Amino acid sequence: MSAFSAAESAYMARALRLAARGQYAAHPNPMVGCVLVRDGDIVGEGWHEIAGEAHAEINALTAAGDQAAGATAYVTLEPCSHEGKTPPCAPALIEAGIAEAVIAMSDPFPEVAGEGVAALESAGIGVRKGLMAEAAAELNQGFLSRVQRGRPYVRVKVGASLDGAIAMTSGESQWITGPDARADVQRLRARSGAILTGIGTVLADDPAMNVRRADLDTAGRQPLRAVLDSGLRMPLSAGMLDLPGTTVIYCADDSGRQPLIDAGADVVRVGAEGDYVDAAAVLADLAKRQVNNVLVEAGPIVTGNLLSHRLVDELVIYQAPHIMGSETMSMFQTPGWKALSDRLTVDVSDLRRVGRDIRITVRVVD
């Protein structure tokens, strides 16, 4: 028999839905929701809306006012107990006089990690954990990846034809997918802390790599733009250098860095693996920059290299309903894969129509 009732599951599900509202603006903080319940009624609720502003618990307490006393707090992540950009939440819950806290999952962030629960329990507040923990972890998979693995969650986006082509051999690729799919990609960008590409894509397409949908409330935040450029061939005329936000160029040879720095870019020298920038080192640096989720929008060489090094967590493939034939470029270049034993096992987690295209989301199992 479950330790939690159906009503409690409904309250936590509500808290998780609230938390998801912060998917565009809470970064780099985790998404958190809080629901306060007293005598079977919701008396206050809130979520972490914008990084640097009040956390979910504070917003819920503000909404509840005096009715928070004696309430049960349903929180998707362990309340913080340390002073950050905002005051800690555990002491606020204690001061408000809540009777109990039901927490979906512990916060692995070193400055929290059990301290929030300990503070509540020391104040005589009952704490129960584990309600809908898997859903809570899914919601913050990027934050958890950064804190626990030292690298962001890596999501590769690909637009391809039905026969797996991403461009003609001439390089022609606009547009393979339809407008609905391209609009959907903007949502992926808005959820990401960084967008990563290779210098080949920059030289061929001069991509902006920014969020261009006004209906996605990012609170003005643009993803960091990361470019893998081992030989530092980034042109000073690249359009992204003139856009708001940060462009980081990762290279193995930084002898020509100063003009790019003068143009507003960050230039970071990392190690090299053959002809490529050390992708693992790049991801480690992005984690230090508090990037939770990376969206890769790159050509087959970069994506193939990431796959070969087992640095991809998820692929989102938009498959268009047409066949491009044999004079094309495939989705990934993995020259080291010679046998079936080299293949990468994935699990299809979502499949749906987006306009005329099919969006296939797969998780890497290996």
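How many bridges join β1 to strand β2? Keep that in mind as you go through these notes, and remember that this is a predicted model.

1. **β1 and its first partner.** The count is six: that many bridges link β1 to β2 (residues 41–47), and the two strands run antiparallel. If you want one pair to look for, try Val37, which stands opposite Ile42 in β2. The two strands form a hairpin with two residues between them, and there Asp39 takes a positive phi near 55°.

2. **β1 and its other partner.** Now turn to β3 (residues 72–75). Four bridges join β3 to β1, again with the strands antiparallel. Here Val35 has Tyr74 as its bridge partner. As for cover, β1 (residues 33–38) is mostly hidden, with five of its six residues buried.

3. **The largest nonpolar core.** This core has 40 residues. Met12, Cys34, Leu36, Ala73, Tyr74, Ile98 and Leu120 are the ones with the most contacts inside it. So who gives the most to this core? Helix α1 (residues 6–20) does, with five residues.

4. **A look at Leu120.** Set aside its neighbours within four places in sequence, and Leu120 still touches plenty of others: it is in contact with Pro79, Ala90, Leu93, Ile94, Ala101, Ile103, Ile125 and Val127.

5. **A second core.** There is also a separate core of 36 residues, and Val154, Ala160, Val270 and Ala298 are among its members.

6. **The largest pocket.** Its volume is about 1,400 Å³. It is lined by 50 residues, and the closest to its centre are Thr201, Asp205, Glu297, Ala298 and Gly299. You've just met Ala298 as a member of the second core. By type, the lining splits into 24 nonpolar, 16 polar and 10 charged residues.

7. **Who builds the lining?** Several elements supply at least two residues each, including β6 (153–161), α7 (179–190), β8 (194–198) and α11 (300–308). The largest share comes from α8, with six residues.

8. **Helix α11.** Is this pocket-lining helix mostly covered or mostly bare? Mostly covered: seven of its nine residues are buried. Those are Pro300, Val302, Thr303, Gly304, Asn305, Leu306 and Leu307. When you trace the chain onward, look for Arg310, which follows α11 and has a positive phi near 55°.

Conventions. Residues are numbered from 1 along each chain as its sequence is written. This is a predicted model: local features need pLDDT of at least 70, side-chain atom pairs count only at pLDDT 80 or more; totals for chains, interfaces and linings use all residues. Side-chain values use heavy atoms; hydrogens and water are left out. Buried means under 20% relative accessible area, exposed over 50%, partly exposed in between (1.4 Å probe, protein chains only). Two strands pair if DSSP finds at least two bridges between them. On a 1 Å grid over the protein atoms alone, a cavity is a set of points where a 1.4 Å probe fits but cannot get out, and a pocket is an open set with protein on both sides within 12 Å along at least five of seven lines; lining residues have an atom within 4 Å of a point. Grid points are joined across faces, edges and corners, and a volume is the space filled by probe spheres set on the points. Ala, Val, Leu, Ile, Met, Phe, Trp, Tyr, Cys and Pro count as nonpolar, Asp, Glu, Lys and Arg as charged, and the others, Gly among them, as polar. A nonpolar core is a set of buried Ala, Val, Leu, Ile, Met, Phe, Trp, Tyr and Cys residues joined through side-chain atoms within 4.5 Å. Contact means heavy atoms within 4.5 Å.
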